[in-house]
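Reader: Pick one part of this model and take me through it up close, please. I'd like to know what sits where, what touches what, and which charged pairs and buried groups come with it.

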Amino acid sequence: MQPSRLSLALESGAFVLPAEGRVCVLRPRAAMDLSALPKDRVEVVQGFRPDHDAFAAQGYATGVAPSGDFAAAVVCVPRSKAEARALVQRAAAGVVPGGPVAVDGQKTDGIDSLLRDLRAKVALGEALAKAHGKIAVFANPGPEALADVAGGAPRRLPEGFVTRPAAFSSDGVDPGSAALAAALPGKLPAHVADLGAGWGYLAAAVMTREGVGEVHLVEAEHDALEAARANIADRRARFHWADATRYAPDTRFGAVVMNPPF
């Protein structure tokens with residue numbers, strides 16, 4: 001296996017871990033190699049259920065949010081610009097002042113743009129490039145210095161729905177979902193599943209139909225499901241943080257809705 005950007009940063013001295021203290025790794029994908037880090041000191045923070053479960057199966061301490069203080073952090077840059085900046089802010093809030101924060105990502109996910117923003121705020125080390133991506137490190141100045149770099153606050157759409165950056169179509173109602181909602185029949189079975197429910201737009205539409213007794217929202221992205229909880233106060237809603245391809249329901253459904261897979 002070829003060295004990862006993370007291992008190169010550690011080997012070159014660009015990323016120096018403190019001798020003690022926990023290391024937070026934010027949003028790593030399942031295929032990311034974390035073996036260069038001391039596993040017994042690592043906490044993986046990942047809200048996407050398949051990736052979360054992959055690291056848990058490898059024996060990493062894994063959660064959906066950071067717990068406590070950290071000596072260092074690795075931010076794995078996602079495709080969402082707002083979420084990437086929210087993760088940097090989250091790292092700055094959790095790492096002790098002066099602790100190293102590594103920011104690692106692919107060019108296709110916007111790492112260059114994020115590093116440009118950070119250079120205006122922090123003393124960012126030289127970026128190491130490998131495999132169409134970059135990694136760079138800065139000493140944590142504290143969350144206040146990076147406050148305007150962040151972009152992870154929940155958003156309220158004109159339709160009244162709350163969304164979060166990690167959710168699909170967080171900046172507005174997806175046209176495919178709107179088309180499906182408009183095409184739903186006037187009456188539906190008592191038990192309905194919404195697979196890949198996101199922040200709850202389709203489930204909310206289902207609940208307006210006659211005959212519905214329960215709607216089970218199955219969503220792999222934890223933040224999206226939390227937004228759905230905020231959007232749907234109806235007691236008929238059941239929320240499941242799960243990968244729809246592995247979800248094993250204890251209820252037989254009379255109907256299933258999904259965002260149209262065009």
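Author: First, a yardstick for the burial talk: a residue is buried under 20% relative accessible area and exposed over 50%, with partly exposed in between. By that scale lysine 134 is partly exposed, because its relative accessible area is 23%. Keep in mind that this is a predicted model.

The part I'd pick is the sheet, along with what leans on it. Seven strands make up an open sheet with mixed pairing, and the order across it is β3-β2-β1-β4-β5-β7-β6. The edges belong to β3 (61–63) and β6 (128–130); each of them has a single partner strand, so one side of each has no neighbour in the sheet. From one strand to the next, the twist averages 20°.

Now zoom in on one pairing. Strand β1 covers residues 23–26 and strand β2 covers residues 42–45, and the two run in the parallel sense, joined over four bridges. Along that pairing, cysteine 24 sits opposite glutamate 43 of β2.

Two helices pack on this sheet. Helix α1 (residues 5–12) touches β4 (72–76), β5 (100–106), β6 and β7 (133–139), and its direction makes about 145° with that of β6. Helix α3 (residues 81–94) touches β1, β2, β4, β5 and β7, and its direction makes about 175° with that of β4.

Let's stay with α3 for a bit. The helix has 14 residues, which at 1.5 Å a residue should span 20 Å, and its end C-alpha atoms are indeed 20 Å apart, so expectation and model agree. Which of its residues are buried? The list runs Glu83, Ala84, Arg85, Leu87, Val88, Ala91, Ala92 and Gly94. Their cover includes strands β1, β4, β5 and β7, plus helix α4.

Alanine 91 makes a handy example from α3. Its relative accessible area is 3%, which means it counts as buried. Setting aside neighbours within four places in sequence, alanine 91 is in contact with Leu26, Ala73, Val75, Val101 and Asn140. For a sense of scale, alanine 91 and alanine 19 are 72 residues apart in sequence and 19 Å apart in space, C-alpha to C-alpha.

On to the charges. The structure holds 13 salt bridges, and here are three of them. Arginine 27 pairs with glutamate 83, with 2.8 Å between the closest N and O atoms. This bridge ties together distant parts of the chain, arginine 27 being in the loop between β1 and β2 and glutamate 83 in helix α3, 56 residues apart. Are the two partners buried or exposed? Arginine 27 has a relative accessible area of 14%, so it is buried. Glutamate 83 is buried as well, because its value is 8%. There's also a wider link: Arg27, Glu83 and Glu221 belong to a network of salt bridges.

The next bridge joins aspartate 109 to arginine 29, and the closest N and O atoms are 2.9 Å apart. Again distant parts of the chain are linked: aspartate 109 is in the loop between β5 and α4 (111–119), arginine 29 is in the loop between β1 and β2, and the pair is 80 residues apart. Aspartate 109 comes in at 9% relative accessibility, so it counts as buried. Arginine 29, at 43%, counts as partly exposed.

The last of the three brings back the lysine from the start: aspartate 112 and lysine 134 meet through their side chains in a salt bridge of 2.9 Å, N to O. Here aspartate 112 is in helix α4 and lysine 134 in strand β7, distant parts of the chain 22 residues apart. Aspartate 112 has 24% relative accessibility, so it counts as partly exposed.

Finally, the sulfurs. How many disulfides does a search of the whole structure find? Zero. Take cysteine 24, the residue facing glutamate 43: its closest cysteine sulfur is that of cysteine 76, and because the gap is 9.5 Å, that's too far for a bond. A disulfide would need the two sulfur atoms within 2.5 Å. Both side chains are tucked away by the yardstick above: cysteine 24 counts as buried because its relative accessibility is 3%, and cysteine 76 is buried too, at 5%.

Notes:
Residues are numbered from 1 along each chain as its sequence is written. This is a predicted model: local features need pLDDT of at least 70, side-chain atom pairs count only at pLDDT 80 or more; totals for chains, interfaces and linings use all residues. Side-chain values use heavy atoms; hydrogens and water are left out. Two strands pair if DSSP finds at least two bridges between them. Axes are lines fitted to C-alpha atoms, for helices over the stretch in contact, and angles run from 0 to 180 degrees between N-to-C directions. Contact means heavy atoms within 4.5 Å. A salt bridge is a side-chain nitrogen of Lys or Arg within 4 Å of a carboxyl oxygen of Asp or Glu. Buried means under 20% relative accessible area, exposed over 50%, partly exposed in between (1.4 Å probe, protein chains only). The expected span of a helix is 1.5 Å times one less than its number of residues.
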